[in-house]
Amino acid sequence: MTPAPSLRACWLGHWRAPWPMTRGRRWGDRAWALAALGQAWVLGGRDRRWPVAEWIGQRPYPPRLAAAPEAFEARPPEAWVALLRHGSAQADPSRRGARETELEGASWEALLAGEGAPWMALGTVILDLPTRLAWVPLLGAVAPDGGLRLPPFLEDLVPQDLRTLPPGWWEILLSGMDPEGRLLPVGDPPAGLPWGALRPFLEPFLPAHGDPTVPPEIPQAWLHPLADGRVVVHPGLRAWARGWGAGPRGLGTMVPAPGLALGQEPEAGVADLLSGRLPRTAPPGWEAALRADLEERVERPACPASAGHPVWDRIRVRWGGELPEAVPTYPPWASGPAPCADPFHWMAEGLRAHHANDLLAALWAFRLAHAHFHRLDAADWEERAASNAAQVAITWADMAAYRFYRALAKDRTEHHRRNEEAFVAALYGEVPKAEAIWRRLAREIPKFQASWINLADLALSANDLDTLREVAPRIQHEEFRALVDAVLAGSDVEPPGLSTQFQVRWRLREALRPGAPTGGFWDAWEACVEQWLRLEGGLLMLEARPEERTGGRLVALQAIAVRAESAHHLARLEQLWPRPPSLQEAEPRTVLQAWMEGRPGPVWFLHGGSGWPSTIGRGPKPPLGLITRLRAEGAVAPLEAEGWVWRGLPLAWEGETVGACLLGESPDRPPDPAGDPGLLAPWLARLNPTLPVSPPDASADLLHDGSEPMAALVRDLARVAPSPLPVLILGPTGSGKEVAAREIHRLSGRRGPWVPVNCSALAESLLESELFGHVKGAFTGADRERRGAIEQAEGGTLFLDEIADVSPRVQSLLLRVLQEREVRRVGGEKATAVDVRFVAATHKSVEALAASGAFRQDLLFRLKGTVLRMPALAERRHEFAYLLPRLVGQAAKGLGRPAPSLSAGLADALARLPWPGNVRELRHALDRALLRCGEGPLKPSHFPELETPDLAPRRWAEATHAFQRDLLLETLRRHGFNAAAAADALGLARPAIYLTAKRLGIDLTAERLRAT
């Protein structure tokens, strides 16, 4: 796409922003996203020409481009969207943020598809009117013709006839201001002007209607006439009178008032209505209609006459009134999401779109109405908008939006709630449950029509004529009754006057007959707006008539099923796609042989692991020594011998060379590119023996292959272990500090026990009791004496994990124990001598804590008898070939399953990842991979980390949470969601399965449906 026209703006580097943008936390904040999207919109986003460029974010100035863009795309770059949405270009741009509203989430989805209008509409939701006025000079841009370019949520703040001024004028108005918003003079003032007399005229941005004519002292060259007879004075001249620029003070006087559309305070009567009160200043003759609406009566009075007011006439649409004519600051009807802040406009637009069967437009309108009612703190109206949005969302099959707005909507009556419960159950395939609810409702409330209509609909789908005859007399809906009567009569003629949703039902029955034409069904299906009917009807047709399946129809149904979050519809759709013949079941030699048969010349493969001792081939054998040379060198340059041109090529798979190939080609023919055997590397790899998993050395858990940096650590560890000196172990989380401490105890020769204490897991009072013990009655609940961990470690080793988290009081007590070698229990008076070896560990910089006073210097000196530093796993990448087989052996033993072999190249692939959680994170990754691994070798495909690596380091709590969630779901799936069997496999009690699922946010019912 071609570049945008040349614009000038502060965010394009032409001048400095006159007002800083202090709001927001930069990238990842919705205000910053709005500012960046507004700039991109002006550059071409309104025409789906999104700039591809580098962006800068340095507070207090707004986000801006590093340079003017030269490339544009129909959709914004996903990395840029991820930066705006989550604060990181590496994040998944489609992932919902934790604090996003449903409206914001839908706006992000639209943006990813290239549509930015919803975000422009969000401008009036996110920003109040004063803030938007302050943003005009921040986001305004000037075209070469002097015209002002603004994002839509700022456009109505500047009158239409003011948006085009002579070249250079808008640049001064946007940039030449002081912090107060007054224009700054440049150069020498014009001579001979009466500044005192002109100042009242030059100070306002634009003279008001009815002001006196322009003083004759101002030359015509300094004036620009407007269509309404007023004139604009050159801002350079007005600067000498310190006139107002394009800031809040200058533009604020020109904003039309009063009006909700721009985000101004509502008038008194409208404010009463928003508060749920009968307005004191309502239009004449409106009291009865307003009272009935506020009380939500079923019986409503006649619609009152038009008030001639944009807000009141939009309220009137709720009672059947016609749509009012378009007025300034209000978007045209049926124009989609727009920056209008009047929620009653969006309620009227939602009703219009719903009556026109434009469900998506109705959903957007009710979303915006709900957001603006929430902004105005109109709780009752907010619930009404949410109820309307929920009704439209479920018809549109947007179940995420339905759940969101249903939770916010006003409580329904009991029979409506049960009817909705049955409807959702039927949508998700729980037909018996839905039928039971509707039958119960029909018995209890015979006049409730929804029960009879839904029972009839179920009977139509199942061709249950007995049920149809039972419920037909109860149906009062004319079209539905006509349809049911025609079905019961066995008629072949479609009842006249059916709307599209009933045409779909009738024509589906007809089209399912063998040999019947299907065109009429698809015509009605395309026009139908009931998405659940389209989904179920389309699926039934494609399941019964395979010849009707096309890619377009399958994809259209797939989109509805995904939006509806319907697992059973997605599973049925999956069965309709043709399945290619699986090559995974083929024997590798058969695949290789078939490929060789298609070659015009000889082919020989070398395989079998180190040295490639085995061969498989076809045709004349290669010259003597060529295979030996290929084994030694890995490749052979083309050479001619014995009537063939031979080439030796290495074959790589999953990061490792798995063999080689010798190709013989005729010297009289051009080389055959189709004969490149690189795609056969996976099949050749399957002929190679896989690496067995080696069990770890039983004598030690501190795994290493004898290389640095671990070799030096192990030497130091063996040297200090026999001594009585305290040891301080430093290193990042998950690097094996506790394993090293256990090794010190094992090699120390001390006969006493190993006693570990996690100092960060206990409160100060509990930690003191845990370490020092207590006497009976020392505190509430101390009903007996208790030995502390220090006494329990007598003759052995006490391991203090996360020592840097210990409080100052406990630090003092520990220092005394280290100095005096005696311990006094909490509440006791007697000191007991102890013989304990102290080993402490932390992942924090304890020296920095000591320097800042957060950790006692004297205690640090006592603990630093010897210091060991554990290396991060990133420093041990060269050891992965040694570590991986042993860690897999440990993980498999812990899961109670045989250890699989390892595919070639797995160690190298895993070594390339950052592993911020170090050995502990690697162990969890191996646990997850083993759950995915079947009977074959462990492969890179079993590690999601290798498919979509997360470049941003995760916190330990996040990684642990993800591992626990994956482990629980994998175990439940393997046992068919039998909670008792899964609990046995995990070594848990059955109730713990449900408690853990709740803690991890797992909906067991939804997961069970998704799995089945």
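Start by selecting Arg 75, which counts as exposed because its relative accessibility is 52%, over the 50% cut-off. Keep in mind as you click around that this is a predicted model. Arg 75 sits in a loop, with strand S4 (71-73) on one side and helix H2 (78-86) on the other. Now show what Arg 75 touches: setting aside neighbours within four places in sequence, you'll find Trp 50, Leu 112, Ala 113 and Gly 114. While you're here, select His 975 too. Arg 75 and His 975 are 900 residues apart in sequence, and their C-alpha atoms are 44 Å apart in space.

Time to zoom out. Show the whole chain and you're looking at 45 helices and 22 strands. The C-alpha trace spans about 100 × 85 × 85 Å along its principal axes. Of the chain's 1012 residues, 48% count as buried. What about contacts across the sequence? Take the contacts between residues at least 6 apart: 60% of them join residues at least 24 apart.

Next, go inside. Which residues have the most contacts within the largest nonpolar core? Select Trp 119, Trp 135, Trp 170 and Phe 344, and you have them; the core itself holds 147 residues. Colour helix H1 (residues 30-43) as well, since this helix gives the most to the core, with 11 residues.

Stay with Trp 135 for a moment and display its surroundings. Not counting residues up to four places away in sequence, Trp 135 touches Met 21, Ala 31, Leu 34, Ala 35, Leu 127, Gly 140, Phe 153 and Leu 154. Another core lies apart from this one, and it has 31 residues. To find that core, select Leu 730, Cys 759, Leu 767 and Val 806, which are among its members.

Now jump to Ala 793, in the loop between helix H34 (789-792) and strand S18 (797-801). Is Ala 793 buried or exposed? Its relative accessibility is 0%, so Ala 793 counts as buried. Light up its contacts, again leaving out residues up to four places away in sequence, and you get Pro 753, Val 755, Leu 798, Asp 835 and Val 836. Then add Ala 899: Ala 793 and Ala 899 are 106 residues apart in sequence and 36 Å apart in space, C-alpha to C-alpha.

Two helix pairs are left to visit. For one, select helix H23 (residues 500-511) and helix H24 (residues 519-527). Their axes are 8 Å apart and the helices pack at an angle of about 150°, so H23 and H24 are roughly antiparallel to each other. The crossing is left-handed. Show side chains where they meet: H23 brings Thr 500, Gln 503, Val 504, Arg 507, Leu 508 and Ala 511, while H24 brings Gly 520, Phe 521, Ala 524, Trp 525 and Ala 527. Sorted by type, that contact has seven nonpolar residues, three polar and one charged.

For the other pair, pick helix H26 (residues 551-564) and helix H27 (residues 567-576). The axes of H26 and H27 come within 9 Å and cross at roughly 160°, so these helices are roughly antiparallel to each other. H26 and H27 make a left-handed crossing. On the H26 side, click Leu 554, Leu 557, Gln 558, Ala 561 and Val 562; on the H27 side, His 569, Leu 570, Leu 573 and Leu 576. Colour this contact by residue type and you'll see seven nonpolar residues, two polar and no charged.

Notes: Residues numbered from 1 in each chain as written. Predicted model: local features only at pLDDT ≥ 70, side-chain atom pairs only at ≥ 80, totals over all residues. Heavy atoms only, no water. Core = buried A, V, L, I, M, F, W, Y, C linked by side-chain atoms within 4.5 Å. Buried < 20%, exposed > 50% of the residue type's maximum accessible area, 1.4 Å probe, protein only. Helix = DSSP H or I, 4+ residues; strand = E, 2+ residues; numbered from the N terminus. Contact = heavy atoms within 4.5 Å. Axes fitted to C-alpha atoms, helices over the stretch in contact; angles between N-to-C directions. Parallel < 35°, antiparallel > 145°, perpendicular 65-115°, else oblique. Left-handed = near helix turned anticlockwise from the far one by under 90°. Nonpolar A, V, L, I, M, F, W, Y, C, P; charged D, E, K, R; others polar.
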